[in-house]
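Subject: Structure for you to look at

Dear colleague,

I am passing on the structure below, together with an account of what was found in it. Please keep it open while you read, since the notes go from one topic to the next and are easier to follow with the residues in view.

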Amino acid sequence: MSDDVDSPCEALDVAVRASGMGVWTLSNPDGTMALNERSCAIHGLASDEPMLLSFEDYLALVHADDRWKLQGVLGKSVLRDFHDLEFRLADSAGGTRWVR
């Protein structure tokens, strides 16, 4: 590893930031969603810091016609580690954006 990266967690953080990927995690059993800064931007949330949302608040960001997809995948998430999911986000101007 380079001198700038001291641990595997730091290396992962550097890689995620370099890729521009949005990352979120779902905490069980309370259902709290943690979004990194890039994920906040993708979802149209103004935040320079990681953000915590309830699952219900996060689901409200997803287009109504696509919420079932997300709920279905998350319901099966204990069965496997990788999900390839595409759905729409509703933005504050009334439009939509596709995310994957």
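Salt bridges

In this predicted model, the count of salt bridges comes to 3, where a salt bridge is taken as a side-chain nitrogen of Lys or Arg within 4 Å of a carboxyl oxygen of Asp or Glu. One of them joins E37 to R17, with 3.9 Å between the closest N and O atoms. This pair links distant parts of the chain, since E37 belongs to helix 2 (residues 37-42) and R17 to helix 1 (residues 8-19), 20 residues apart. As for their surroundings, R17 is exposed, with a relative accessible area of 55%, whereas E37, at 22%, counts as partly exposed.

D66 takes part in a salt bridge with K69, for which the closest N and O atoms are 3.7 Å apart, and also in one with R88, for which the N to O distance is 2.8 Å. The latter pair ties together parts that are 22 residues apart in sequence, because R88 lies in strand 4 (residues 87-90) while D66 lies in the loop between helix 3 (55-61) and helix 4 (67-76). Taken together, D66, K69 and R88 are linked in a network of salt bridges.

Are the members of this network buried or exposed, or something in between? D66 has a relative accessible area of 2% and is buried, and R88, at 18%, also counts as buried because the limit for that class is under 20%. K69, with a relative accessible area of 23%, is partly exposed.

The chain as a whole

It may help to place these residues within the overall layout. The protein chain has 4 helices and 5 strands, and from the N terminus on its elements run α-β-β-α-β-α-α-β-β. Of its 100 residues, 24% count as buried.

The sheet of three strands

An open sheet is made of 3 strands in the order 1-2-3, and the pairing in it is antiparallel. Strand 1 (24-27) and strand 3 (51-54) are the edge strands, each of them pairing on one side only. On average, and with direction ignored, neighbouring strands of this sheet are turned by 25 degrees against each other.

Looking at the pairings one at a time, strand 1 and strand 2 (residues 32-35) pair in the antiparallel sense over 4 bridges. Within this pairing, L26 stands opposite M33, and T25 stands opposite A34. Strand 2 and strand 3 also run antiparallel and are joined by 4 bridges, and here A34 stands opposite L52 in strand 3.

Which side chains of strand 2 are buried, and which are not? The side chains alternate along the strand, so that, with buried taken as under 20% relative accessible area, M33 and L35 are buried and point to one face, while T32 and A34 point to the other face and are not buried.

The hairpin of strands 4 and 5

Strand 4, which holds R88 of the salt-bridge network, pairs with strand 5 (residues 96-99) in the antiparallel sense over 4 bridges. A90 stands opposite T96 in strand 5. The hairpin formed by these two strands has 5 residues between them, and in it G94 takes a positive phi near 90 degrees.

The second largest pocket

Finally, there is a pocket to point out, the second largest one, in which about 190 Å³ of space lies. Its lining consists of L12, D13, V16, R17, G20, M21, V23, N36, E37 and R38, a list that includes both R17 and E37, the two partners of the salt bridge between helix 1 and helix 2. Helix 1 and helix 2 each supply at least two residues of this lining, and the largest share, 4 residues, comes from helix 1. By class, the lining has 4 nonpolar, 2 polar and 4 charged residues.

With kind regards

Methods: Residues numbered from 1 in each chain as written. Predicted model: local features only at pLDDT ≥ 70, side-chain atom pairs only at ≥ 80, totals over all residues. Heavy atoms only, no water. Buried < 20%, exposed > 50% of the residue type's maximum accessible area, 1.4 Å probe, protein only. Pairing = 2+ DSSP bridges. Axes fitted to C-alpha atoms, helices over the stretch in contact; angles between N-to-C directions. 1 Å grid on protein atoms, 1.4 Å probe; cavity = no way out; pocket = protein on both sides within 12 Å on 5 of 7 lines; lining within 4 Å. Points joined across faces, edges and corners; volume = space filled by probe spheres on them. Nonpolar A, V, L, I, M, F, W, Y, C, P; charged D, E, K, R; others polar.
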